[in-house]
Amino acid sequence: LSPLQVHFSQSHIRPEFQDARAVEDAVVESKAPENRERLPRLPPEAEVGTLTWEAAGAPCGEGGEWWLLRPPFPAIEVIRWRCKLRGENGAVKVDADGCELYGDLEWYALDNR
């Protein structure tokens, strides 16, 4: 799951973890050599499921690098969720039969870090 696919459940993101450590400190720690591992390049024909590594976005051949990051912070849990669609006045949108309308199924983090 790409971190860029995760939405937040609130508009405010807290600057510290639940154990009171600062998120900014974790950013610095994540760049330490013990928390990073360079992954080997793969041949262009290597596959992940039905995609080649190149189609999946993995660097191969001569260009690009991938790194495995070991985050120095607690795991962030995510859930799949479909939000109710709302109008500008905040009322829940419904279809012609009166059934509530929902958005796309997306990933959400509940702890907002």
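In the predicted model, the lining of the largest pocket is made up of 16 nonpolar, 1 polar and 2 charged residues. The volume of this pocket comes to about 740 Å³, and 19 residues line it, with Pro3, Leu69, Pro71, Phe73 and Ile76 lying nearest its centre. Two or more lining residues are contributed by each of the elements β1 (6–8), α1 (23–30) and β5, and among the contributors α1 gives the most to the lining, with 4 residues.

Lys31 is located in the loop that runs between α1 and β2 (36–38). Because its relative accessibility is 58%, and residues over 50% are classed as exposed, Lys31 counts as exposed. The C-alpha atom of Lys31 is separated by 8.4 Å from that of Leu69, although the two residues stand 38 residues apart along the chain; Leu69, in turn, is one of the residues that lie nearest the centre of the largest pocket.

On the surface, Leu39, Trp66 and Leu68 together make a nonpolar patch of about 240 Å². Within this group, Trp66 belongs to the loop between β4 (51–52) and β5 (67–69), and β5 is also among the elements that give two or more residues to the pocket lining. The relative accessibility of Trp66 is 38%, a value that lies between the limits of 20% for buried and 50% for exposed residues, and Trp66 is therefore classed as partly exposed.

Conventions: Residues numbered from 1 in each chain as written. Predicted model: local features only at pLDDT ≥ 70, side-chain atom pairs only at ≥ 80, totals over all residues. Heavy atoms only, no water. Patch = residues over 30% accessible without salt bridge, like charges linked within 9 Å, V, L, I, M, F, W, Y side chains within 5 Å. Areas by Shrake-Rupley, 256 points an atom, 1.4 Å probe, with all protein chains shown as cover. Salt bridge = Lys/Arg side-chain N within 4 Å of Asp/Glu carboxyl O. Buried < 20%, exposed > 50% of the residue type's maximum accessible area, 1.4 Å probe, protein only. 1 Å grid on protein atoms, 1.4 Å probe; cavity = no way out; pocket = protein on both sides within 12 Å on 5 of 7 lines; lining within 4 Å. Points joined across faces, edges and corners; volume = space filled by probe spheres on them. Nonpolar A, V, L, I, M, F, W, Y, C, P; charged D, E, K, R; others polar.
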